[in-house]
Amino acid sequence: MFKELNPLLHSQLRLAVMSILLSAEEADFVFLKEKTNATAGNLSVQLDKLSEAGYIEVEKGFVGKKPRTVCRITPEGHAAMEEYVNALKDYIRL
C-alpha cells in the first residue's frame, strides 16, 4: 500500500516554492516569482496556502518605501517535504 502524495505539495507551483526554500535560507517574493514564472496573484495565493498549512513563514515588511515579502520554510515544511519525497520514492521503486 502506498502513501497518498500530499495534495498540498503535489501542486506544481507549491512544490517549486518548497523546493526553492529547501535550498535557500529565505527567498523574497520577487525571487520566487522569477524562478517559478508564476503570476503575482497566483504566487500570492499559493504562498497563503503554504503559510496556512504551517509549511512556510511569510514576513512582510519594507525596504525603504518598497514592500518586501520574505518566505522561509518551517520545520513542519521540512518534515512535509521529506515525507513527500519518501512517498515518491516508494512509487518509483515499482
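Leaving aside neighbours within four places in sequence, which residues is D28 in contact with? Select D28 and find R68, T69 and V70. Contact here means heavy atoms within 4.5 Å.

Before moving on, note that this is a predicted model, in which local features need pLDDT of at least 70, side-chain atom pairs count only at pLDDT 80 or more, and totals for chains, interfaces and linings use all residues. Residues are numbered from 1 along each chain as its sequence is written, and side-chain values use heavy atoms, with hydrogens and water left out.

**Stop 1: D28 and the sheet**

Stay on D28. It is found in strand β1. Helices (H or I, at least four residues) and strands (E, at least two) are DSSP runs, numbered from the N terminus. At 21% relative accessibility, D28 counts as partly exposed. Buried means under 20% relative accessible area, exposed over 50%, and partly exposed in between (1.4 Å probe, protein chains only). Opposite D28, in β3, stands V70. Now add R72: its C-alpha is 8.9 Å from that of D28, although 44 residues separate the two in sequence.

Widen the selection to β3, residues 66–73. Two bridges join it to β1, and the two strands run antiparallel. Strands pair if DSSP finds at least two bridges between them. Next, show the whole open sheet: three strands, in the order β1-β3-β2, with antiparallel pairing. β1 (27–28) and β2 (56–63) are the edges; each has a single partner strand, so one side of each lacks a neighbour in the sheet.

Add helix α3, residues 40–52. It packs on the sheet and touches β2 and β3. Its direction makes about 125 degrees with that of β2. Axes are lines fitted to C-alpha atoms, for helices over the stretch in contact; angles run from 0 to 180 degrees between N-to-C directions.

**Stop 2: the core**

Select L9, V17, M18, L32, L43 and L47. These have the most contacts inside the largest nonpolar core, which has 22 residues. Such a core is a set of buried Ala, Val, Leu, Ile, Met, Phe, Trp, Tyr and Cys residues joined through side-chain atoms within 4.5 Å. α1, α2 (29–36), α3, β3 and α4 each give two or more residues. α1 gives the most, with five.

Centre on V17. Beyond its neighbours within four places in sequence, its contacts are L32, T36, L43, L47 and L50.

**Stop 3: helix α4**

Select residues 75–92, helix α4. Its buried residues include G77, A80, M81, Y84 and A87. Their cover includes α1 (12–23) and β3. Turn to the face away from the buried side for the exposed P75, E82 and E83.

Conventions
The expected span of a helix is 1.5 Å times one less than its number of residues.
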